[in-house]
Amino acid sequence: MTMKNYCIILLTGLLLLSGCDKLLEVKPEYILTGKEAYATEATADSVLTGLYNSLAGAPFTGDGFLLSGLSADELKPGDASFMADYNFIYNYTLGSQESSTNSFWGGFYKTIHISNAIINGVTESATLTDAVKSRISGEAKFVRALLYYYLVNYYGDVPIVTETNYNVTRNIPRMPAKDVYAQITKDLKEAVVQLPDAYRTTERTRVNKYAAMALLARVSLFTRDWQTALDMSAAVIGKSDLYEMGELAADTTLNIFHSDSRETIFQLWTTYGVAVGSYTLSSWSSFAVADGPGSILNGYDPTDKRKYNFIAPNDYNGYKPYKYRLADADPSYKEYYVVLRLAEQYLIRAEARMELGLPGVTDDIDVVRARAGAPLLGNSFPAAGYRDALVTERRLELCFENADRWFTLKRTGRADAVMSQAKPGTWKSTAVLYPVPRIEIQNNPLLKQNDGYQ
Amino acid sequence: MLKTKLNLMYQKNTSYRSAVFLRLVHLFILLAVVPAVVNAQRMNFNARHVTIKQLLEELRRQNNSEIVVSSDLIRSTHEIDVDVKNATTEEVLQRFLSRFNLAYKVDGKTIIITARESNPVPPSPVDTSKPLKGAVSSLAGKLESVTVINRRTGEVAITAANGIFILHDAADADTVQLTMLGYEKLLVKAADIRKNGQVMMTTAANGLDVVSVLAYGQHVSRRTNTGSSVKVTAEEIEKTATANPILALQGRVAGMNVNITSGLPGAHPKVQIRGVNTLNMDGRAQNPLYIVDGVPFPANSLAVVSNNGTTYSGAYDSPLKSIDPSSIATIEVLKDADATAIYGARGANGVILITTKKGKPGPLALDVDVYTSSARIAKKINMMNTAEYLQMRREAAANDGITPTAAAYPDLFKWSQTAYTDWQQAYLNRSAHTTNAEVNVSGGTSKTRYLVGAGFRKEMTIYDLKNGLMLGNGRANISHQSANNKFRVSGIANFSTDKNDVAAINPSEIITLPPNYSPYNEDGTLNWDKSNPLATTLKTTKNKSRNIQLSVSPEYWFTEDLKGKVMMGYSDTRLDQTYISPIASQNPNNSPKGQATFVNGSVRSYTVEPQLDYHHTWKKHGLTALLGGTYIVNKSATSSNFAFGFPADSLMGDIKNAAAIDSNKTAAMYKFLSGFTRLGYNYNNTYIVNLTFRRDGSSRFAPANRYGNFWSVGAAWVLSEEKWVRNHLPLFNLLKLRGSYGITGNDNIGDYKYFVNYLKTYGQYETYGLSPTNLFNDTYRWEENKKADVALETTMFSNRLSVDVNYYVNKSGNQLVEYPLGTQTGFGSVVMNLGAVVQNSGWEFTVSGTPLKDKKLLWNSRLNISLQRNKLLSFPGLANSSYNTIYAIGRPLSLYWGFEFLGIDPATGAPVVRDQNRDGAISYPADYSPLMTSLPACYGGLGNTFNYGNISLDVFFSFKINRYGPPISMPTGGDITNMPVYFLQRWKAKGDETEIPAYTTSSSKLYGYNSSGAIIKDASYIRLSSLSLSYNFSANVLKRLHIRSLRLYATGNNLFTITRYPGLDPEAGMYMPPLRSFSFGLRTQI
């Protein structure tokens, strides 16, 4: 064989060896690729389960109402084990230890990313039926709307991310709050259309049409779209075969936060009950119910059962929230994290009626008060006091829940007045918004910091 | 005269012709086999300017004669004109050989060419034609394949496996010459051999012609190598008596930094060859490639359960522990672009080739190596005594204005105030025993060779007297070649299985126990006044691993110049872990529930490597060409079951009794395909150039970016071959300049990242769901490493001294990293190529020599020093990335960050650190700055071997200079934890000048101290790594015992360390340090 022949063999061999793309194909196991995940209803539902799992993570069962409770006039630091991490939230400073809000901001967007992936994934799926696409997409839009509702209320203007391509999403700046609300409203209106009436699980741990309506009703208070707030809350209240007000009773099984409660519109499933950060409520010493001037501790009428059902003495230092009572996994008793419940819908309808000048404002408030055993406002209650009565009732009924107090104070323009009394010397007007985590600004220089934290 | 000189082509020519003579590769050239009768055929040859080499080749080609000749003899460039017609071989030889000053001899079918003696000694009249029998040995044992030549007659004999040779005709006065690659040439009087029956050869002072194994089994000598590689031989490994072959390399290879992270049995040493190239902080991405007998060896731990014994503190279980060091023939460390290019992407962090011992032709031999060793902890930390400890506790409370209570301070109230236990004496002062045995049976014929062996090791640790590492391994290899020698096949099987049950106790948990503590209550139950380290012994830790490696390599010689070969390899590594934490082992105050973890991990790897190997020589030109391909399929899988909430310990045997079970399965597949070619050109052994080109494909990239093209150039100029050097600088036996440059790729980023992975969620939402785990980016591609290497290699003073100086610069860019992004994208990062550039540069000096050599005493010395600099050259957007407290431009990658420590405030006893941004507050990360690096600026080893008669003494020091850490923080006085005595120097009262803060119960008061440079100590060291004394029994004794060799040895490891580091060990910190061990063993061949 001559040299030339060798050369030919060598070169042919080299080309053959490196030309076979099939040899490099890999088939992953226990992993679905983007497309495969939305190929069947079962897999797409699994991703949806993953979405709820993520939703139930940090923003809610974690720090969610803890941070807002500290920011508002609801909670205060407890004993020495109060983590320095939370100090800056309580004192409205951007200190060096901000890791708790890093994960807070990040937790919202990580979950939003999953919603975006699902909405895009099912839309592009060639195999799912339209009915399935509609339902799954509706659930994902509800979740996305819920998350933006929290983001816009904690941070003000925030980036609106509705797609998954990082080359686009990494450079999105903060968008005006009204655009964020427009996005939320759009998602919820679509979800109301796309979602079925019935719950997919008996425990109301996945959203149905009424959950979307209930959230839209709440969001409409913030956008001052009173008609929508009225329509949506009325529709939910009218669905009496699904929802009814529970009873306030010391017996835990009758607790309105029990997983079987018919007052619940949507709740997040959890394994071991509702924890606050890493503390379960039963062993709570790091935080306590704020006891300063105007404390909720003095807010209840003597006959109001909520005083004992929602708040309890702490073994260590004053009082602790007592809505959730489960300390450990107890198979005989289950408690999940309630996101939407009927009592709030009455208060929303009351507010919408008030703003639209319709009758029945005190009737709706008294539904909530009657259940608590508190004196009724009755028809003679002066209309001039409606606004204050509503803010007060929201506080008494929805304390420690879903940042309601913090958001209501800001929404109704009372934050400055209330907080400068509750925390004189500490409060400042810029504290109504949280600081954008510095790491986020580092990684996306288009983000600008909120006032008061530069 | 017959001093070996190697020619790459020739040596390669020979490696395949005949297995019998494979070992002669270095010395002889066998030009064809199977001659029926010499002279049987007649030849024609008409040519001008014929060198002896060409003449012999022609002879061999036309006549199929087997010709044995020293490569030295045919290096002559003398040329003659030849014109023969129809001549016999013998006629040709008679006519022309004398013109080259050569003689020949026909021995049966073989023609042996020798140098013509100018003054032939006349045969002694008394004892002509007397056969001479002798045995050749070295300190290591019997020497096989030594060439023995009677200088008078030119008769050549080769020693068999037992070292025996027979010369048929030798007079007493004859001079017998013995040569062997890697050994000093020896001239002995035949009479002396008759008298002693034995000849002793000594290792060459230099490794000039020591054959190195290169990629894919190519061989090359130091003389013609263009790449940078270091070889460590069995002889050197044997002197260390370590359990893990990689540990034996510490300090022995310039440019290779071996870090012992733990002294626990089976722990994995961290290896960096020429620094860290990648920003990827996963240690696995920094690992070199390990190849055992041609098959890639998965050196990454499969451990999933991190709190298991061997995996404690990141000291992962090492799959490499399964390779018994005494079964290793050589370890080759390939460093530069030229040496590693052929492995492409996989070799970006360097390549470690491990070759196990193979069978040799000869009668059946039984090799036994047995040793036992006893090890103890080498250092004791001086801790406070009871009075000092109690004072510390009181003072800390008093400083913080706290009044101690019985609940928080049981040691001040409940416990004895006078009891004293030296915990190190009580629990860490025991001996850990190791028994190691290795048996090999080997032998073979010229066509078939085999080796079957088995080994066993039991290695215990000092604190866990029940449990240890038990390891068994077996191996078999066989090679066979066809009658016409054209087809050859070899098969290798290695198997090992081990069980490591060492309890996961961190020695510092024991060391820091208060001196007045009692781990047990009066009723015999565990004392939980503080966390009790002895509780760990009630937990069950089991790591079972299994390792199989198989390979088959058929090869076929199409022509004398062209060989085809396919290596097919399979490796299978498994690790089963069990970790059971019963209620009894947990603090009862925390209402414990039983927990159990069961994990199975496996990696299977299939490798196919076809290759064509061509070489051709004409006149002074040598050409080699290698064309090959690699196809690797790697499958890894883990299956884990975490079972929580067993209500009772007795129910823990069945996982179904758990309240909750979290099961997880992962699997990944990796495929690697590449084609490569290597072209080499050698002009007269003086100018040598090697080019490598390869195209690598990896399944870790999206289809569009799968392939990368990489290349390297290596060149050498052997100045000592030039006439003017030979004439003017005769001092040099070798003077060589060598350099290489090349680009290799790196795909160390993990599998499947280029599409969105939907994986089972960690937590449940009623059931488990699926969740996307990454962002979509299919545009990333190969990381690129550019490596440049220049070296000067010299050998001087008749090979008594050799000095090598090597300089290298490696730059790796296009870094494959998880690039940080704003979380608004859904994730904190995305896999992409980052424009950061990491540079590693350094000098490597290797000196070896024979300072003293006389009849009885031989002193060999070797020293290597590596100066290394690692720095981050650029990193776009570093300040704004999450890497901004990990890396700094211009600084090494392994950086300790922290506050700059300014001292202790004499007024308050509080630590003072620098306020870098001068905002009046000390905060992380604003006031953090890069402090020190853990990478040594200089490291190496110094070895000395003294041979005196049958006794050999080897002393080996290793050192690392200018490195820092691991940090040792100051415990707070609020914890029930004892402290080393140097904390007694704390601030006590106003005005005290000290470097140690006041005692305090508050970790935040110590934050400034414990996050500062004050706790990062200088960890430079010089260590007497091994001291080995051995005795070889003389031939007389061996004859009486009827064995071929017997060596007794005693080795001490880690005998002393000179360091200022206050922890247990400058490398392991406060974790289990490498132990001081003494081994006694014997090695024999029967």
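In this predicted model, 61 residues of chain A are in contact (heavy atoms within 4.5 Å) with 66 residues of chain B. The two chains bury about 5,300 Å² between them, with carbon and sulfur atoms giving 63% of that area, where buried area is the accessible area (1.4 Å probe) lost on putting two parts together, summed over both. Of the area that chain A buries against chain B, 14% is supplied by A:L24, A:Y30 and A:Y166, more than by any other three residues.

Polar links accompany this burial. Between chain A and chain B there are 17 residue pairs in polar contact, both residues at pLDDT 80 or more, a polar contact being a pair of N or O atoms within 3.5 Å, one able to donate a hydrogen and the other to accept it, with residues adjacent in sequence counting only if both atoms are side-chain atoms.

Elements of chain A that each supply at least two residues to the side touching chain B include α1 (3–18), β1 (32–33) and α7 (99–124), and α1(A) gives the largest share, 8 residues. Helices (H or I, at least four residues) and strands (E, at least two) are DSSP runs, numbered from the N terminus.

The residues of this side of chain A divide as follows.

| Class | Residues on the side of chain A |
|---|---|
| Nonpolar (Ala, Val, Leu, Ile, Met, Phe, Trp, Tyr, Cys, Pro) | 32 residues |
| Polar (the others, Gly among them) | 20 residues |
| Charged (Asp, Glu, Lys, Arg) | 9 residues |

Residues are numbered from 1 along each chain as its sequence is written, and chains are lettered from A in the order in which they are written. Local features need pLDDT of at least 70 and side-chain atom pairs pLDDT 80 or more, whereas totals for chains, interfaces and linings use all residues, and side-chain values use heavy atoms, leaving out hydrogens and water.
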